[in-house]
Amino acid sequence: MKLVVTPVLITAATLVGRRWGDALSGWLVGLPLTSGPVIFFLALDQGTRFAATASLGVILGVASQAAFALVYIHVGRDSRWTRRVLAATVAFTAVTVIFQLIQMPVWAEPILVVGCLAAAILVIGEVKPGPVRTISPSMDLPLRVVVATGLVLGLTAIAPLLGARLSGLILPFPLYATVLAVFAHRAAGPRAAAAVWRGLLFGLFSFVAFFTMLAAVVVPAGIGFGFLAAIAVAAAVQAATLLAVRSRAPSRS
């Protein structure tokens, strides 16, 4: 599944970005298309309680994604993308460690994370369109696919070894968005990367909705109904956020 879903998603997000703007590509990869299947297989292997605990960790991991995006954008106007990714990864790790050490009421997690997403979007503000993207080199798309697939395979290989909560905290690491942002940065500058991150933050509302619903119903209702209910809620939220993203996402030729 990882070998199929990752190339398809990165290809789709890249083509969406080229047609409708970088923000839409970031919005698309906000869907739980990696973490969702991983939690599904964990539920089959480890049971619904393990999946529910991991889902609570995943929800908190969204706040770590917001920290990643903010640091990438604001670490320095003249910083290269390599330094931005390194600094953002350190920020993600720091927030993850904090959430691993503290405990909070289950009901408070989604509220905290939604607040973090809204605050991050306000801090980033409007992202002015960058220069028109030049024609991408012929190896651009295959390289994106290779990089993203390798990262997904590596991260999901170690996640089950870390326990339910820590696995959930690291699974939201923004692999897809990082690949899209870096390539956008290289092709059209930091404003294009910022558009990817802003689009991702809007898309993550559906991510939070998915895992909030899953954590709430997967134990009492079972795996099948739990995942169907989570998918339905995430789809509705994703459709709602599309309006906000499209109104600020100029198409590119």
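In which helix is the place of Thr 48? In the predicted model considered here, Thr 48 belongs to helix H4, which covers residues 48–74. With a relative accessibility of 21%, Thr 48 counts as partly exposed, because the buried class is reserved for values under 20%. When residues up to four places away in sequence are not counted, Thr 48 touches Ala 43, Val 218, Val 219 and Ile 223. The surroundings of Thr 48 also include Gly 222, which is 174 residues apart from Thr 48 along the chain, while the two C-alpha atoms are separated by 7.1 Å.

Helix H4 is one of eleven helices in the secondary structure of the protein, which has zero strands; read from the N terminus on, the order of the elements is accordingly α-α-α-α-α-α-α-α-α-α-α. The protein has 253 residues, and 52% of them count as buried. Among the contacts in the protein with a separation of 6 or more, 81% are accounted for by residues 24 or more positions apart. The accessible surface of the protein comes to about 11,400 Å², and carbon and sulfur atoms hold 72% of that surface.

Aromatic side chains were examined next. A pair of aromatic rings is described by the distance of the centres and the angle of the planes. The structure holds eight aromatic pairs. In one of them, the ring centres of Phe 40 and Phe 227 are 5.2 Å apart and the ring planes stand at 90°, so this pair is edge-to-face, the class that applies to angles over 60 degrees. The pair links distant parts of the chain, since Phe 40 is in helix H3 (residues 35–46) and Phe 227 is in helix H11 (residues 223–246), 187 residues apart. The two rings are not equally covered: Phe 40 is partly exposed, with a relative accessible area of 31%, whereas Phe 227 is buried, with a relative accessible area of 8%.

A further pair is formed by Phe 92 and Phe 173, whose ring centres are 5.0 Å apart and whose planes lie at 80°, so that this pair, too, is edge-to-face. Distant parts of the chain are again linked, with Phe 92 in helix H5 (residues 81–101) and Phe 173 in the loop between helix H8 (164–170) and helix H9 (175–188), 81 residues apart. Phe 92 is buried, its relative accessible area being 4%. Ring pairs also link Phe 40, Phe 207, Phe 210, Phe 211 and Phe 227 into a cluster. Apart from the ring pairs, Arg 84 lies over the face of Tyr 72, at 5.8 Å from the ring centre.

Two residues of helix H9 were then considered, namely Ala 177 and Phe 183. Ala 177 has a relative accessibility of 2% and therefore counts as buried, the limit being under 20%. Leaving aside neighbours within four places in sequence, Ala 177 is in contact with Val 29, Val 196, Trp 197 and Leu 200. Of these partners, Val 29 is 148 residues apart from Ala 177 along the chain, although the C-alpha atoms of the two are separated by 6.5 Å. Phe 183 counts as buried as well, at 11% relative accessibility. Phe 183 and Ala 193 are ten residues apart in sequence, and the distance in space from C-alpha to C-alpha is 8.0 Å.

On the surface, a nonpolar patch of about 370 Å² is made by Leu 3, Val 4, Val 8 and Leu 153. Helix H1, which covers residues 2–20, gives the most to this patch, with three residues. Val 8 is found in helix H1, and Val 8 counts as exposed because its relative accessibility of 53% is over the 50% limit.

Methods:
Residues numbered from 1 in each chain as written. Predicted model: local features only at pLDDT ≥ 70, side-chain atom pairs only at ≥ 80, totals over all residues. Heavy atoms only, no water. Patch = residues over 30% accessible without salt bridge, like charges linked within 9 Å, V, L, I, M, F, W, Y side chains within 5 Å. Areas by Shrake-Rupley, 256 points an atom, 1.4 Å probe, with all protein chains shown as cover. Salt bridge = Lys/Arg side-chain N within 4 Å of Asp/Glu carboxyl O. Helix = DSSP H or I, 4+ residues; strand = E, 2+ residues; numbered from the N terminus. Buried < 20%, exposed > 50% of the residue type's maximum accessible area, 1.4 Å probe, protein only. Contact = heavy atoms within 4.5 Å. Phe/Tyr/Trp six-rings, centres within 6.5 Å; stacked < 30°, edge-to-face > 60°. Lys NZ or Arg CZ within 6 Å of the ring centre and 35° of its normal.
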